[in-house]
Amino acid sequence: MSDAESITLSGTRADVRSGRRFVQQTVAGWGYPELADDAALVVSELITNVVLHARTAMAVTVRNSGAGVRLEVADESGEMPRLRVHTAESGTGRGLYVVAAVAAAWGADPVAKGKVVWVELRG
């Protein structure tokens, strides 16, 4: 069994379902069934952010830390994610609040061509 699994996605709305299924199956297959739903929720939010804001292809990586999992979504946009102020009527802007509520830790790191947004979930 590998300590990391990755998938490359094109950056369309259909990628949300594909990425969610990939992450959920990988996390459950590594023996973390209690984290699979949270991991699927988090990666859905991160992929949606890439589709809506970065509008680039992306790589989704799941890493087995031994105490849980680390999810990474890399895209080609240098714009770093941030928690946004939103109103009750806002249709978007809540995704990173969901991520922050579920994650043990999360953040973003700039890379040579874009960024990697990462989330740690612990079992």
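Here are some questions and answers about this predicted model.

Me: How many residues does helix α2 have, and what span is expected for the helix at 1.5 Å a residue?
Reply: Happy to start there! Helix α2 runs over residues 33-54, which gives 22 residues. From its first C-alpha to its last, α2 reaches 31 Å, close to the expected 32 Å.

Me: Which elements cover the buried residues of α2?
Reply: First, meet some of those buried residues: among them are L35, A39, V43, I47 and V50. An α-helix has 3.6 residues a turn, so residues three or four places apart point the same way. What covers the buried residues of α2 includes β1, α1, β2, β3, α3 and β5.

Me: Is K115 buried or exposed?
Reply: Let's look at its partner too. The side chains of K115 and D75 meet in a salt bridge at 2.8 Å, N to O, and this pair joins strand β5 to strand β3, 40 residues apart. D75 has a relative accessibility of 4%, so D75 counts as buried. For K115 the value is 5%, and because buried means under 20%, K115 also counts as buried.

Me: Is K113 buried or exposed?
Reply: K113 makes a salt bridge with E76, at 4.0 Å from N to O. This pair links the loop between β3 and α3, where E76 sits, with the loop between β4 and β5, which holds K113. E76 is partly exposed at 43%. K113 has 59% relative accessibility, and since exposed means over 50%, K113 counts as exposed.

Me: Which residues are linked in a network of salt bridges?
Reply: The structure holds six salt bridges. One of them joins E72 and R70, at 2.8 Å from N to O. The network links R63, R70, E72, E120 and R122.

Conventions
Residues numbered from 1 in each chain as written. Predicted model: local features only at pLDDT ≥ 70, side-chain atom pairs only at ≥ 80, totals over all residues. Heavy atoms only, no water. Helix = DSSP H or I, 4+ residues; strand = E, 2+ residues; numbered from the N terminus. Expected span 1.5 Å × (residues − 1). Buried < 20%, exposed > 50% of the residue type's maximum accessible area, 1.4 Å probe, protein only. Contact = heavy atoms within 4.5 Å.
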